[in-house]
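Here are a few exercises to work through with the model open beside you. Try each one before reading its solution.

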Amino acid sequence: MMPGDGRVRIRSFTLGPVQANGYVIVHEESRTAVIIDAPHDPEPMLEAVEGYRLAAILLTHAHFDHIAGLELLKRETGAPAWIHANEQDWLGDPTRNLSVLVEPVVAPPADRLLQGGERLEFGGLSFEVRFAPGHSPGHVVYVIPGAVFAGDTLFAGSIGRTDLPGADHATLIASIRRQLLTLPAETAVYPGHGPATTVGEEAAHNPFLR
Ligand SMILES: [Zn+2]
Ligand SMILES: [Zn+2]
């Protein structure tokens with residue numbers, strides 16, 4: 001199931017006031033789609049899953065910029081949302097999801113809770129869930145062969161903020177080393193903000209990991 005194997009396609013969407021990335025992964029043979037994160041104004045993501053069965057909306061964490069589109073995505077598709085148990089209460093709480101600082105976001109509750117370590121299979125798409133706290137206490141990343149959806153852990157040349165409630169810098173660095181840098185160097189990193197990169201590139205040059 002490599003991203004380039006012809007059956008799996010990954011599309012990225014940069015949306016909303018803080019330009020968060022949402023991803024649509026589709027399996028062409030089974031006509032199955034999975035969404036990673038739900039930024040504001042996700043209509044283009046809805047268009048991208050037309051003609052596919054949307055099997056799941058997988059959330060990396062519950063900061064508002066990654067969940068603001070969840071209500072619309074769920075209403076239009078009926079797909080179940082998954083999140084780590086540590087942040088289930090953040091979805092509908094503008095103080096905890098930090099949207100109180102801007103425009104309050106009250107997202108619907110999740111349908112399934114994660115602990116980390118799960119393997120999720122949806123119509124030929126297989127995701128390994130890895131627990132990666134530090135930016136937030138219930139952050140997970142989702143690994144498919146050849147790629148990782150990293151949320152706000154690791155960015156091209158940077159890392160997630162740790163000046164937020166529930167964040168911890170040393171925990172984030174440990175999570176990146178254990179859960180991301182252990183992947184093959186050629187693994188594509190699809191982050192929650194900014195351009196894609198690779199594990200090898202960040203291991204060699206990311207100034208926060210020196
Ligand atoms: Zn975040
Ligand atoms: Zn973010």
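**Exercise 1.** Work out whether the radius of gyration of this predicted model agrees or disagrees with that of a compact globule.

*Solution.* Start with the chain length: there are 210 residues, so a compact globule would have a radius of gyration near 17 Å. Next, take the value for the protein, which is 16 Å, and the two agree. For the overall dimensions, the C-alpha trace spans about 45 × 40 × 30 Å along its principal axes. Now add burial: 47% of the 210 residues count as buried. Finally, look at the contacts between residues at least 6 apart in sequence; 56% of these join residues at least 24 apart.

**Exercise 2.** Find the order of the strands in the six-stranded open sheet, and say which strands sit at its edges.

*Solution.* First, the inventory: the protein has four helices and 14 strands. Six strands make up the open sheet, with the order E1-E2-E3-E4-E5-E6 and mixed pairing. Strand E1 (8–15) and strand E6 (112–114) each pair on one side only, and these are the edge strands. Direction ignored, neighbouring strands of this sheet are turned by 20 degrees against each other on average.

Then go pair by pair:

- E1 and strand E2 (residues 20–27) are antiparallel, with eight bridges; arginine 11 is opposite valine 24 in E2.
- E2 and E3 are also paired in the antiparallel sense, over five bridges, and tyrosine 23 is opposite isoleucine 36 in E3. These two strands form a hairpin with four residues between them, and arginine 31 in that turn has a positive phi of about 55 degrees.
- E3 and E4 pair in the parallel sense over five bridges, with isoleucine 35 opposite isoleucine 57 in E4.

**Exercise 3.** Which residues of E3 are buried on one side of the strand, and which on the other?

*Solution.* Count first: five of the five residues of E3 are buried. Now split them by face. Thr32, Val34 and Ile36 are on one side, Ala33 and Ile35 on the other, and both faces are covered.

**Exercise 4.** Explain why the buried residues of helix H2 lie on the same side of the helix.

*Solution.* Place the helix to begin with: H2 (residues 70–77) lies across strand E3 (32–36), strand E4 (53–58) and strand E5 (81–84), and runs at about 155 degrees to E4. Next, pick out its buried residues, among them Leu70, Leu73 and Lys74. These cover an arc of only 95 degrees around the axis, which puts them on the same side of H2. That squares with a general point: an α-helix has 3.6 residues a turn, so residues three or four places apart point the same way. As for partners, the buried residues of H2 pack against E3, helix H1 (43–48), E4 and E5. Just after H2 comes glycine 78, with a positive phi near 70 degrees.

**Exercise 5.** Which residues have the most contacts inside the largest nonpolar core?

*Solution.* Start from the general tendency: in soluble globular proteins, nonpolar side chains tend to be buried together. Here the largest nonpolar core has 61 residues, and Ile35, Ile57, Leu58 and Ile67 have the most contacts inside it. Then zoom in on isoleucine 67, setting aside its neighbours within four places in sequence: its contacts are Ala38, Leu59, Ala62, Leu91, Asn97, Val105 and Ala107. To close the loop, go back to Ile35, which is one of the buried residues of E3 and stands opposite isoleucine 57 in E4.

Terms used. Residues numbered from 1 in each chain as written. Chains lettered and ligands numbered in written order. Predicted model: local features only at pLDDT ≥ 70, side-chain atom pairs only at ≥ 80, totals over all residues. Core = buried A, V, L, I, M, F, W, Y, C linked by C-beta atoms within 7 Å. Buried ≥ 20, exposed ≤ 12 C-beta atoms within 10 Å, placed from the backbone. Contact = placed C-beta atoms within 7 Å. Rg over C-alpha atoms; globule rule 2.2 N^0.38 Å. Pairing = 2+ DSSP bridges. Axes fitted to C-alpha atoms, helices over the stretch in contact; angles between N-to-C directions. Arc of directions from axis to C-beta.
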